[in-house]
Amino acid sequence: MKTKLLSLLLILMPFVANAKAIDQKIEDAFSPIADFFGYWIFYPINIASHKVPFVVIVLLVGALFFTLYYKFGNFRYLGVALRAVRGKYDHIDHHDVDIMGGDPTPGEDVFESEMTEGVH
């Protein structure tokens, strides 16, 4: 049995040694697709004697649209964002749950409330 397996392995060895690695096969298959999209996404457009990639224009137009649509919220709420990052609103997450009306669950928690065992 061992000799048959060894013989089979020796016969197949040249085919295995010449075979491309799986990552190279995947790269060869997807390279034309990636090149196509890369060409169109980074296609240079002349603006005031400067070549600007198409993707930069799309991103700038999108940023301008959402800035106007949300009425300059990215500037108006900058203070709130900085206070949130600094932790000013952390106390909101650490509150006690008041018992509300409703049917209690088997664990003595009220169905409509958040479970806060061990949190004070």
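Helix α3 covers residues 54-69, and its 16 residues reach 23 Å from the first C-alpha to the last. That is close to the 22 Å expected at 1.5 Å a residue. Do keep in mind that this is a predicted model. Within it, the protein has 5 helices and 2 strands, and α3 makes a good starting point for a tour.

**In and just after helix α3**
- Thr 67 has its place in helix α3.
- Is Thr 67 buried or exposed? Its relative accessibility is 12%, so Thr 67 counts as buried, the cut-off being under 20%.
- Once neighbours within four places in sequence are set aside, Thr 67 is in contact with Phe 72, Asn 74 and Phe 75.
- With Asn 74 there is also a polar contact, made side chain to side chain at 3.3 Å.
- Lys 71, just after α3, takes a positive phi of about 55°.

**Aromatic rings**
- The structure holds 9 aromatic pairs.
- One of them joins Tyr 69 and Tyr 70: their ring centres are 5.0 Å apart and their planes stand at 85°, so this pair is edge-to-face, a label for angles over 60 degrees.
- Both tyrosines belong to a cluster, in which ring pairs link Phe 65, Phe 66, Tyr 69 and Tyr 70.
- Tyr 69 has 53% relative accessibility and therefore counts as exposed, as the cut-off for that is over 50%.

**Helix α2, bend included**
- Helix α2 takes in residues 22-41, which makes 20 residues.
- At 1.5 Å a residue α2 should span 28 Å, and because its end C-alpha atoms are 28 Å apart, the two values agree.
- Where does α2 bend? The bend is at Phe 30 and amounts to about 40°.
- A proline, Pro 32, follows Phe 30 within four residues.

**The protein as a whole**
- Along the sequence, the elements follow the pattern α-α-β-β-α-α-α.
- How many of the 120 residues count as buried? The share is 4%, and Thr 67 counts as buried.
- Take the contacts between residues at least 6 apart in sequence: 2% of these join residues at least 24 apart.
- The accessible surface comes to about 11,200 Å², with 69% of it belonging to carbon and sulfur atoms.

Conventions
Residues numbered from 1 in each chain as written. Predicted model: local features only at pLDDT ≥ 70, side-chain atom pairs only at ≥ 80, totals over all residues. Heavy atoms only, no water. Buried < 20%, exposed > 50% of the residue type's maximum accessible area, 1.4 Å probe, protein only. Contact = heavy atoms within 4.5 Å. Areas by Shrake-Rupley, 256 points an atom, 1.4 Å probe, with all protein chains shown as cover. Expected span 1.5 Å × (residues − 1). Bend = angle between axes of the 7 residues up to and from the residue. Phe/Tyr/Trp six-rings, centres within 6.5 Å; stacked < 30°, edge-to-face > 60°. Polar contact = N/O pair within 3.5 Å; in protein donor to acceptor, adjacent residues only side chain to side chain.
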